[in-house]
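The following paragraphs lead the reader through one protein structure, beginning with its open spaces and ending with its backbone.

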Amino acid sequence: AQQSAKFPLAERIKETSRAFVRVTMTETPVPRTGPSHRHPESIMPLNRRKFLGAAALGAGSLMLGSAQAAPALPKFTPPTAKKPMALCFNENPLGLTPAARDAAIAALPDANRYPFVAAERLRKACADFMGGKPENVMLSHGSAESIRASIEAHIRPGVCLICPELTYSDGADTARKNNVKVVTVPMGAKWSVDLEAMKKTVAGINGPVIVYFVNPNNPTSTIVDSKALHDWIRSRPTDVFFVIDEAYAEYVRDPSFVSCKTLVDEGLENLCVLKTFSKIFAMAGMRLGFTYAAPAVVNKVRTQVAYDIMLNNSAIAAALVELEDKDFIPNSRKANEDARVIVCKTLDELGIEYLDSQTNFIFMNLKAPLKPFQDRMKAENILVGRPFPPAVEWCRVSLSTPDDMKYFAAKLKEFRRKGWV
């Protein structure tokens, strides 16, 4: 009823699309004689094997599926003013695999078709990746839409949002746009998330609470103790809903890390887990993500989006190929690890403090204001991270290819010789 009242057209389209999916998934496909005769389901056949996502059950687990040609590391070219080295957005520099690019291009003739069937295939593929069921998945445009929708779905009179003082801002931004009070919890030592302080803060709130929790955290690149976090959520504190943003989970190296998706699989309905194709899947410009939660939670979050099936045909096609590719995540992790080692070795040589990165970026301590360092790197055609108050003397540096990071490391050493770091 809430969905119908808020998005009446959306509800009618969803009902029609579900009927269309039921018919087209059982009918013999129309012969592919040309773009005007192609059904949307011809975009990409779904391999029905089960997929296991890296970090779904813990760091280091890998997907099962068909192997594809790995994307080659981009050839190094020195950055220029027109094409700077972007070490500021936490993107995967490898880009799409050749097969995923081909699939995206092959889907273009169907740009005139709605992605009803393809979206349902993607929903199932995402569920398989997480080890769940399609009803556990709400598709979204990147994880940003999932952040907004999952928070807005749980807004009610007197609610407040609790988050660490230093974390990704979308959760708090969404709350403030909806006139929801935001309470930030001071960080622990070395910018760690102080879980005990967060628990005490939540316990002291008289009324409903939304906890927005990014793990691994951005911009610090660190993780919290999985057992402590899981125990807190399993304790089912009264009137508390947890929004767990795991955008970077596939990069985690620490074997003790366990995704909160295991709590969803246990049947808990006091959380949702947010995932994105923008990071390790190298699809930041194609805008795909999803919410993973108990079916009742998914249905509630879905009331805050117009259509969770209205996605980009080419993006869906690329995502389906990448989810099937058993080598893509390991290859991306390997390139990222090689780049991380290069930067960390340089920071160690220079005596520059940094946090133990479990992501595709490093948070380092300049012990000086960020802007002069930013400006000097920009003069060298290298873009580093934005300010993250209150860590005003720290810099977030995204990891690019190993060759790019060798270039960055050389510039860092040059800055040391000039007395700039």
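**Pocket, core and backbone**

The largest pocket has a lining of 29 residues, and those nearest its centre are Lys83, Ala86, Pro93, Ser400 and Asp404. The model in which this pocket is found is a predicted one. The space in the largest pocket comes to about 590 Å³. Sorted by class, its lining consists of 15 nonpolar, 10 polar and 4 charged residues.

An enclosed space can be sought as well. Empty space left among atoms is shown by rolling over them a probe the size of a water molecule. Across the whole structure, a search for cavities of 30 Å³ or more finds 1. The volume of the largest cavity is about 50 Å³. Its lining is made up of Glu91, Asn92, Pro93, Leu94, Tyr251, Ser332, Ala335, Asn336, Asn360, Leu399 and Ser400. By class, 5 of these lining residues are nonpolar, 5 are polar and 1 is charged. Pro93 and Ser400 appear both in this cavity lining and among the residues that lie nearest the centre of the largest pocket.

Methionine 85 offers a further point of entry. This residue belongs to strand E1, which covers residues 85–86. Methionine 85 counts as buried because its relative accessible area is 5%, under the limit of 20%. Setting aside residues up to four places away in sequence, methionine 85 touches Phe76, Pro79, Asn381, Ile382, Leu383, Asp404 and Tyr407. Asp404, one of these, is also among the residues nearest the centre of the largest pocket. Methionine 85 and valine 384 are 299 residues apart along the chain, yet 8.7 Å separates their C-alpha atoms.

The protein as a whole gives the setting for these details. Its secondary structure consists of 14 helices and 11 strands. Of its 421 residues, 55% are buried. When contacts between residues at least 6 apart in sequence are considered, 77% of them join residues at least 24 apart. A pair with a separation of this kind is aspartate 173 and arginine 148, which stand 25 residues apart in sequence, with 9.0 Å from C-alpha to C-alpha. Aspartate 173 is located in helix H6, residues 170–177. With a relative accessible area of 30%, aspartate 173 is partly exposed.

The interior comes next. In soluble globular proteins, nonpolar side chains tend to be buried together. Here the largest nonpolar core has 73 residues, and the members that touch the most others are Leu122, Val211, Phe213, Ile233, Leu271, Phe277 and Phe290. Helix H4, residues 116–130, supplies the largest share of this core, with 9 residues. Which residues does valine 211 contact, leaving aside its neighbours within four places in sequence? The contacts of valine 211 are Ile162, Met198, Val202, Trp232, Val240, Phe241, Phe242 and Val243.

Aromatic rings can be followed in the same way. The count of aromatic pairs is 11. In one tilted pair, the rings of phenylalanine 277 and phenylalanine 281 lie 5.0 Å apart, centre to centre, with 40° between their planes. Phenylalanine 277 is buried, since its relative accessible area is 1%, and phenylalanine 281 is likewise buried, at 2%. Both belong to a cluster linked by ring pairs, whose members are Phe129, Phe277, Phe281, Phe290 and Phe328. Phe277 and Phe290 are also listed among the core members that touch the most others.

The backbone has its own points of note. The peptide bond from asparagine 215 to proline 216 is cis, and its omega is near 0°. Proline 216 is placed in the loop that runs between strand E5 (209–214) and helix H8 (226–234). A cis peptide bond also joins proline 389 to proline 390, with omega near 5°. Proline 390 sits in the loop between strand E10 (382–383) and strand E11 (394–398).

Positive phi values complete the account. Aspartate 239, a residue other than glycine, has a positive phi near 60°. Its place is the loop between H8 and strand E6 (240–245), and its relative accessibility of 40% makes it partly exposed. For arginine 287, again a residue other than glycine, phi is positive and near 55°. The loop between strand E7 (271–276) and strand E8 (289–293) holds arginine 287, which is partly exposed at a relative accessible area of 34%.

Conventions:
Residues numbered from 1 in each chain as written. Predicted model: local features only at pLDDT ≥ 70, side-chain atom pairs only at ≥ 80, totals over all residues. Heavy atoms only, no water. Helix = DSSP H or I, 4+ residues; strand = E, 2+ residues; numbered from the N terminus. Buried < 20%, exposed > 50% of the residue type's maximum accessible area, 1.4 Å probe, protein only. 1 Å grid on protein atoms, 1.4 Å probe; cavity = no way out; pocket = protein on both sides within 12 Å on 5 of 7 lines; lining within 4 Å. Points joined across faces, edges and corners; volume = space filled by probe spheres on them. Nonpolar A, V, L, I, M, F, W, Y, C, P; charged D, E, K, R; others polar. Core = buried A, V, L, I, M, F, W, Y, C linked by side-chain atoms within 4.5 Å. Contact = heavy atoms within 4.5 Å. Phe/Tyr/Trp six-rings, centres within 6.5 Å; stacked < 30°, edge-to-face > 60°.
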